[in-house]
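The following exercises concern the structure shown below. Each task is followed by a solution in steps.

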Amino acid sequence: MDKPGDLLLDIQHLHTAFRVGDDFYDAVDDVNLTLKKDEVLAIVGESGSGKSTLATSIIGLHNPTNAKVTGDILYSDLNLVGLNEPIYNRIRGNDIGMIFQDPLAALNPLMRIGDQIAETLVYHTKLNKEDREKRVLELLDQVGIPNPPRVFRQYPHELSGGMRQRVVIAIAIACKPPIIIADEPTTALDVTIQAQILDLLKQIQKETHSGIILITHDLGVVAETADRVAVMYAGQLVETGSVYDIFQHPTHPYTRSLLRSMPQADSDDDELYVIDGVVPTLKEMQVDTCRFAKRIPWIPEEAHEAHPTMHEVGPNHFVQCTCYKHFHFRDEPESTLTAQTEG
Amino acid sequence: MWKTIIRRVLIMVPQIIILSLIVFFLAKLMPGDPFTGSGKLSPQMDLNQIQAIKKELGLLDPLPVQYFRWIGNILHGDLGMSYAYKVPVINLIAERAGNTIWLSLFSVLLTYLIAVPLGVLAGRYQGTHIDGGISFYAFAIIAIPGFVFYLLGLWLFGYQLGWFPTTGSISIAADGLLAKFFSRIYHMILPAILSSVISTTGIIQYLRSGIIDNTQEDFTRTARAKGVPERIVFDRHILRNSLLPIAAFMGNTITGLIGGSVFIENVFSYPGMGKLFIDSMNSNDYPIITSLTLLFGLMTLLGNLLSDIIMSIVDPRIRIE
Amino acid sequence: MENKNMVDAVETNANTMSETPSGFKVIWRELRHDKVAMISLVIAATLLIGITVWGSLLNQDKVTEASLLDRFLAPGQDGHILGADPSGRDVWNYLMLGGRNSILIGVSVTLITEFIGLIIGTICGYFGGLLDNVVMRIVDFFMIIPTTLVIILLVKITTHYNAVTLVLIISAFGWMGTTRLMRSLIFSQASRDYIAASKTSGTSNFTIMWRELIPNISSMIITDLTLGIAGNIGLEVGLSYLGFGLPPDTPSLGTMIAYANDPDIITAYPWVWLPASLLIMVLALSISFFGNAIRRAADARQRT
């Protein structure tokens with residue numbers, strides 16, 4: 001369900017190209033997305049889909065010699081693409097908070113926890129040392145860390161994985177940014193901790209009305225947390241829609257294959273469903289045709305659009321290419337046409 | 001942190017014991033009496049006489065007895081007598097050890113003064129000509145065998161250009177405390193510079209790759225994502241994390257220099273432990289050799305200890321809480 | 001990670017393939033484009049092979065024969081291209097012979113230590129456990145010893161001393177570094193998925209080690225070998241310089257360089273010691289450059 005809210009981020013025709021040798025290859029190819037307040041937008045895809053690159057592009061942390069970002073990322077009255085560094089630095093941490101995947105690696109092993117959280121405050125607020133310390137203790141409490149004064153003085157390796165991730169979240173929300181990007185925030189954690197972290201994120205959102213971009217490959221996490229979903233494959237968006245649309249009426253063959261490969265506790269199958277083939281490499285990706293076609297070779301070429309574009313198959317539900325109309329799984333009889341809903 | 005340090009010191013105890021055992025057995029392989037250095041034994045004597053004297057000197061006693069007697073003597077400061085110089089070994093070593101230690105410390109100082117800026121430059125400007133030049137220098141120097149480097153340096157700067165003295169640790173003509181001090185330094189400059197140049201290579205490479213690696217680390221990315229200005233990211237996160245392990249190198253550098261004193265002191269005829277060792281080898285002065293080997297070994301262990309202690313001070317992950 | 005769907009199996013597969021290290025053949029292709037590396041290789045190979053061959057063709061007795069009439073002849077005189085040394089011997093010939101000896105010692109030591117290091121390191125890295133612990137304690141024990149000193153000491157003490165004894169003594173104290181290196185390389189490879197796959201499919205341990213692990217670290221082995229040769233030749237020359245390398249009647253680059261210890265000779269008759277110094281320098285530099293180039297090529301491969 002779409003929640004009403006102000007528009008925070010408007011991404012239009014975003015391309016991020018990486019340099020290999022002397023040429024540039026798009027890792028993110030023409031992405032269009034919006035993020036609103038109070039909304040969780042999940043970006044789903046495998047490794048190599050470009051989802052992490054997308055996150056890095058939004059926060060502008062690519063190495064300029066190796067990467068080129070074109071298009072528009074509109075925030076407030078600024079376009080983040082091509083923004084000069086000093087202004088971008090003011091936005092990072094203050095307007096956009098980022099939560100990274102591996103909390104142990106994401107924290108400086110030689111710096112105390114308190115200092116690492118306080119660092120954000122140093123550069124974005126005018127608080128003095130005492131006030132900063134107070135705020136850090138507040139934050140530690142807010143993210144559910146017991147005994148904040150003790151943890152303040154500890155080092156990252158002294159905390160458990162879940163606690164570290166909470167610290168990373170504390171760093172991200174320290175300046176109360178309206179946009180939070182969480183890149184695989186639960187992948188490195190145990191299942192039980194995953195649930196706690198997701199709850200924490202939702203709670204923070206309730207308190208701050210921020211918009212969260214959640215990057216993940218885990219459909220379970222998506223189902224639990226997201227409001228809107230964007231599915232990425234080989235650098236492109238292949239399907240976008242509400243979480244309901246994606247799970248109840250998955251349309252693009254990739255989305256459908258992903259859902260099919262999720263292990264079901266109540267299924268009778270002995271084997272898990274596997275998608276044929278492998279994800280294309282950066283160079284292999286650079287084609288104008290339907291990039292998923294190779295993974296569903298039993299679907300005839302004519303079913304695919306020559307130069308795929310996004311088609312609206314429902315209110316705010318878009319799918320790339322026309323192959324969805326003729327798609328069936330290998331073990332389904334050919335005559336089964338996927339019935340597309342209109343809403 | 002103290003627990004870690006104490007633990008580390010305790011580990012050294014068995015190491016010292018093992019070292020002493022090794023030296024003891026090596027000493028037993030040496031002809032004559034390497035423990036006390038009495039000149040009573042001589043190859044000219046016939047076997048019976050040799051046996052008798054050996055018995056008198058305690059050389060036929062059971063090995064453990066000999067070992068503990070030797071250790072006991074050492075702890076009392078008695079290292080035996082030198083064959084060649086006819087003075088107590090400990091006097092000789094004390095004189096020379098000072099020279100070696102001063103030279104090594106001077107070298108370490110120069111090493112860090114040169115290596116740290118170069119390493120930081122190479123790491124920060126990775127891929128540029130600066131980095132290329134510094135890396136090339138590091139590769140080249142490390143490849144050349146040390147003593148050739150010293151020799152060519154001595155020849156060029158000592159003999160050909162006459163900039164520095166070519167032998168000794170102090171000028172005989174120096175009179176008065178200040179003059180003596182400066183004379184000592186003057187004699188140390190060339191060997192210290194040359195040996196520090198060699199030592200810099202390891203630190204430069206380590207620092208450089210440390211900076212390069214840390215630049216790519218996730219925590220650096222986190223710092224940037226916080227909006228921390230790039231210069232501070234470099235100083236506070238990348239540089240600091242790369243420098244701290246280098247501090248621990250100090251112990252290893254000192255160890256390396258003391259071990260290498262054998263070569264450098266011979267090239268420069270510098271009267272230190274290394275030269276004493278070679279001279280004793282050439283004059284079959286086994287008591288000195290035995291004690292020196294033990295001393296060198298001890299200093300190696302101490303150097304390692306120093307490195308480990310610094311490391312535990314600097315890196316919180318190593319500490320046992 | 002319990003809830004992973006099969007999408008991740010594909011992901012893991014791709015990851016594993018790209019992280020497999022490369023064997024030497026792959027590195028060689030990269031190396032061919034590195035000009036500095038190729039030049040170093042040519043220089044090193046020419047020197048190594050040239051000197052070894054030339055030196056072997058010389059008659060040792062003739063070369064070491066003293067000829068007092070020819071003492072200290074300057075280069076160019078009397079057919080002595082590089083002059084003559086304090087005993088009247090031809091510097092060029094002595095250089096060739098000494099070079100050959102130093103090279104042979106250095107190469108022998110390296111081959112022995114590399115071989116020992118590879119075997120022990122692989123076994124320890126692969127099997128781990130008690131065996132690994134015990135062996136590592138022994139390695140640590142050896143590393144407490146001040147090696148250069150003890151080598152000199154043993155050289156002095158040993159009766160029936162000759163080149164072979166020297167090689168054995170140096171090797172006895174030189175295998176630790178390689179062992180540690182091989183062990184950690186094998187250790188990091190042994191935990192990879194492709195090894196686990198081989199194990200579960202029933203391949204014998206020996207075959208895994210021989211056919212899979214060792215070839216995959218072959219570029220590292222070659223690097224270590226190359227740098228080791230440079231280092232060990234340098235070590236032999238250094239020992240001979242001090243007077244504790246090859247026996248005094250056997251020519252070595254070190255003994256030639258040792259003439260520089262005499263303050264008269266070092267300035268007045270540079271041709272006696274300078275050629276050997278320059279030779280060992282060029283030799284060491286070219287071998288090391290090539291070895292480092294291999295290492296760089298191996299690193300670069302690993303990152304793509």
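**Exercise 1.** Is Met1(B) buried, partly exposed or exposed, and what is its relative accessible area?

*Solution.* The model is predicted, so local features need pLDDT of at least 70, side-chain atom pairs count only at pLDDT 80 or more, and totals for chains, interfaces and linings use all residues. Residues are numbered from 1 along each chain as its sequence is written, chains are lettered from A and ligands numbered from 1 in the order in which they are written, and side-chain values use heavy atoms, with hydrogens and water left out.

Step 1. Recall the classes: buried means under 20% relative accessible area, exposed over 50%, and partly exposed in between (1.4 Å probe, protein chains only).
Step 2. Met1(B) has a relative accessible area of 30% and is therefore partly exposed.
Step 3. Met1(B) is located in the segment before H1 of chain B. Helices (H or I, at least four residues) and strands (E, at least two) are DSSP runs, numbered from the N terminus.

**Exercise 2.** Describe the secondary structure and extent of chain B.

*Solution.*
Step 1. Chain B contains eleven helices and zero strands.
Step 2. Its C-alpha trace spans about 85 × 55 × 40 Å along the principal axes.
Step 3. Chain B has 321 residues, of which 51% count as buried.

**Exercise 3.** Relate the UniProt annotations of chain B to the model.

*Solution.*
Step 1. UniProt positions are given in the numbering used here, feature names are shortened, and annotations may be inferred rather than shown by experiment.
Step 2. The unreviewed UniProt entry annotates "transmembrane region" on several spans of chain B, including residues 185-207 and 288-314.
Step 3. In the model, residues 185-207 of chain B are 100% helix, with end C-alpha atoms 29 Å apart. Residues 288-314 of chain B are likewise 100% helix, and their end C-alpha atoms lie 38 Å apart.
Step 4. The unreviewed entry also assigns "domain: ABC transmembrane type-1" to residues 97-307 of chain B. That span is 83% helix and 0% strand, and its end C-alpha atoms are 21 Å apart.

**Exercise 4.** Which helix of chain B gives the most to the nonpolar patch?

*Solution.*
Step 1. Patches are made of residues with over 30% relative accessible area and no salt bridge; like charges are joined within 9 Å, and nonpolar side chains (Val, Leu, Ile, Met, Phe, Trp, Tyr) within 5 Å.
Step 2. The nonpolar surface patch has about 950 Å² of accessible area together, and its members include Met1(B), Trp2(B), Leu63(B) and Ile313(B). Accessible areas come from the Shrake-Rupley method with a 1.4 Å probe; for residues, only the protein chains shown count as cover.
Step 3. Helix H1 (residues 2-29) of chain B gives the most, with seven residues.

**Exercise 5.** Analyse three salt bridges of chain B.

*Solution.*
Step 1. A salt bridge is a side-chain nitrogen of Lys or Arg within 4 Å of a carboxyl oxygen of Asp or Glu.
Step 2. Asp131(B) and Arg208(B) form such a bridge, with their closest N and O atoms 2.7 Å apart. The pair links distant parts of the chain, 77 residues apart: Asp131(B) is in helix H5 and Arg208(B) in helix H7. Asp131(B) counts as buried because its relative accessibility is 4%, whereas Arg208(B) is partly exposed at 22%.
Step 3. Asp218(B) bridges to Arg221(B) at 3.4 Å, N to O. These two residues are separated by about one helical turn because they lie three residues apart in helix H8.
Step 4. Arg231(B) pairs with Asp235(B), the closest N and O atoms being 3.8 Å apart. Both partners belong to helix H9 of chain B; Arg231(B) is exposed, at 54%, and Asp235(B) is partly exposed, at 35%.
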